[in-house]
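Me: Hi! I'm new to this one and would like a friendly walk through it. Can we start with the terms and then look at the pieces?

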Amino acid sequence: MKIFMTLYQYELKKILNRKLVWIALLVCIGCIAIAKAANLSGNYYVDGEVVDTHYHMFQVDSAYSRALSGRVVGQELLEEVMEAYGKIPITEGRYSVTEEYQKYARPYSEIFNLIWDWRRSNPLYDGWNADEKDLYDARASWQEETWTSLFLSETEKEFWQEKEAQIEKPFTYFYHDGYGVIIKDFETVGILMLLLTAVCLSGVFPDEHVRRTDQMILSSAKGKYMVYWAKLSAGISVSFICAAVMGVVAVTAALVIYGAEGFRTAVQMYRSLDDYSYPLSIGQACIIAYGIFLLTAVFMSVLVMVGSELLRGSIATLALSTGVIIAGQMIRIPSQYRIAAQIWQSLPMSFLSCSGVFSQRLVVVGGHCFTVWQIVPILYVLCGTAVAVGGLRIYRRYQVSGR
């Protein structure tokens, strides 16, 4: 173990001494910080005229949202919302610039947008009368349509119906902008992490071949086995630490700027997950997402390093990794090809997103249903272990017959 730790520390030092690693990490952190600041910078224009600044709009809207915290999204609140919006005069163009909207309706905009999402139409224009039962029935109907569009089986639909029954209704609204931003930016942080891993680790194994030091390593007592595991462990450590730093920066920035209130808010209050039926709080959803984010960083590091040994070059590995990551963002397999679509969405370049981690497609094993955020991490661990063991064979064979 002492020899392994010495080799591990040496390999870790080799990776961290590369300027590229630090530059790439700083660039990623900078992108995360800029993304957070960009949301609140600049002015808001209507018909070419400056109406307000985005930062002031955020301050006003967050104050209104905080005032609604703790209120039940039931008949009483729905009537208040529709009464307030009913005071807006019928006018052409954006009603949000009217004085009546700013004075009466804007304080309820968060709940109004929720009603709009659940009913999939603007209640101000279709003459909807506040009705708690009708609103929750509309949400249930929307869920059924979503399940059908995803080609879920009857077993999967029964699972989601059981989970939906466990959720307390009517929902209670809490201010949760900080956690909403964390989930919203999860995909961006995930892409940056995948690219960072590809850039930093694609040369861990090929560098030895390029520098012609591989034969010297082969002649050492531990060259065939222990050096491989030391390199792999060092690369995994760097990827995990960099991902953890990026995650901490993203989460801390969101909670500092937008506030840390609302951890226990039902995840269904977040508009991108309002049809999700698993009984989770938005805070729990953030923990699940970033736990998978760290595990994916480890899995991706193994794929990149073993792939680089297989391809015999860092540039080829970097090009292939980048191409696959971009493909994951651009390609969407139609839902009717159920198995192919689910496999594609479970791959690292597609999985790190709100729709990926909290997909309503399930994995059925022995008659039991599991969500993808329960089963995919297990598959990553198993596949990562298999790839690492298979990589040892590739490494040893090259050392013996490479030149």
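Reply: Happy to. One term to begin with: two strands pair if DSSP finds at least two bridges between them. Also keep in mind that this is a predicted model.

Me: Okay, so which strands form a hairpin, and how many residues sit between them?
Reply: That would be β1 and β2, with two residues between them. In the turn, D47 has a positive phi of about 55°.

Me: How many bridges join those two strands, and which way do they run?
Reply: Four bridges join β1, residues 43–46, to β2, residues 49–53, and the two strands run antiparallel.

Me: What is the bridge partner of Y44?
Reply: Y44 is partnered with D52 in β2.

Me: Switching topic: where is confidence lowest and where is it highest?
Reply: The low point is helix α12, residues 214–218, with a mean of 53. The high point is strand β3, residues 71–72, at 96. Over the chain, the average pLDDT is 89, and 93% of the residues score at least 70.

Me: Now charges. How many salt bridges does the structure hold?
Reply: There are 16 salt bridges. Side chains of opposite charge can pair when their charged atoms come close.

Me: Which residue does D117 meet in a salt bridge?
Reply: D117 meets R271, at 2.7 Å from N to O. D117 lies in helix α6 and R271 in the loop between α13 and α14, so the pair ties together parts that are 154 residues apart in sequence.

Me: And is D117 buried or exposed?
Reply: D117 counts as buried because its relative accessibility is 19%, and the cut-off for buried is under 20%. Its partner R271 is partly exposed, at 43%.

Me: What about R120, which residue does that one pair with?
Reply: R120 forms a salt bridge with E145, and their closest N and O atoms are 2.6 Å apart. This pair also links distant parts of the chain: R120 is in the loop between α6 and α7, E145 is in helix α7, and they are 25 residues apart. R120 is partly exposed, with a relative accessible area of 42%, and E145 is partly exposed with 42% too.

Me: Which residues are joined into one network by salt bridges that share partners?
Reply: Those are E11, K14 and K231.

Me: Last one: what is the distance between E76 and R71 in their salt bridge?
Reply: The E76 and R71 side chains meet at 3.9 Å, N to O. E76 counts as exposed, at 58% relative accessibility, while R71 is partly exposed, at 23%.

Technical notes
Residues are numbered from 1 along each chain as its sequence is written. This is a predicted model: local features need pLDDT of at least 70, side-chain atom pairs count only at pLDDT 80 or more; totals for chains, interfaces and linings use all residues. Side-chain values use heavy atoms; hydrogens and water are left out. pLDDT is the predictor's confidence in each residue, from 0 to 100. A salt bridge is a side-chain nitrogen of Lys or Arg within 4 Å of a carboxyl oxygen of Asp or Glu. Buried means under 20% relative accessible area, exposed over 50%, partly exposed in between (1.4 Å probe, protein chains only).
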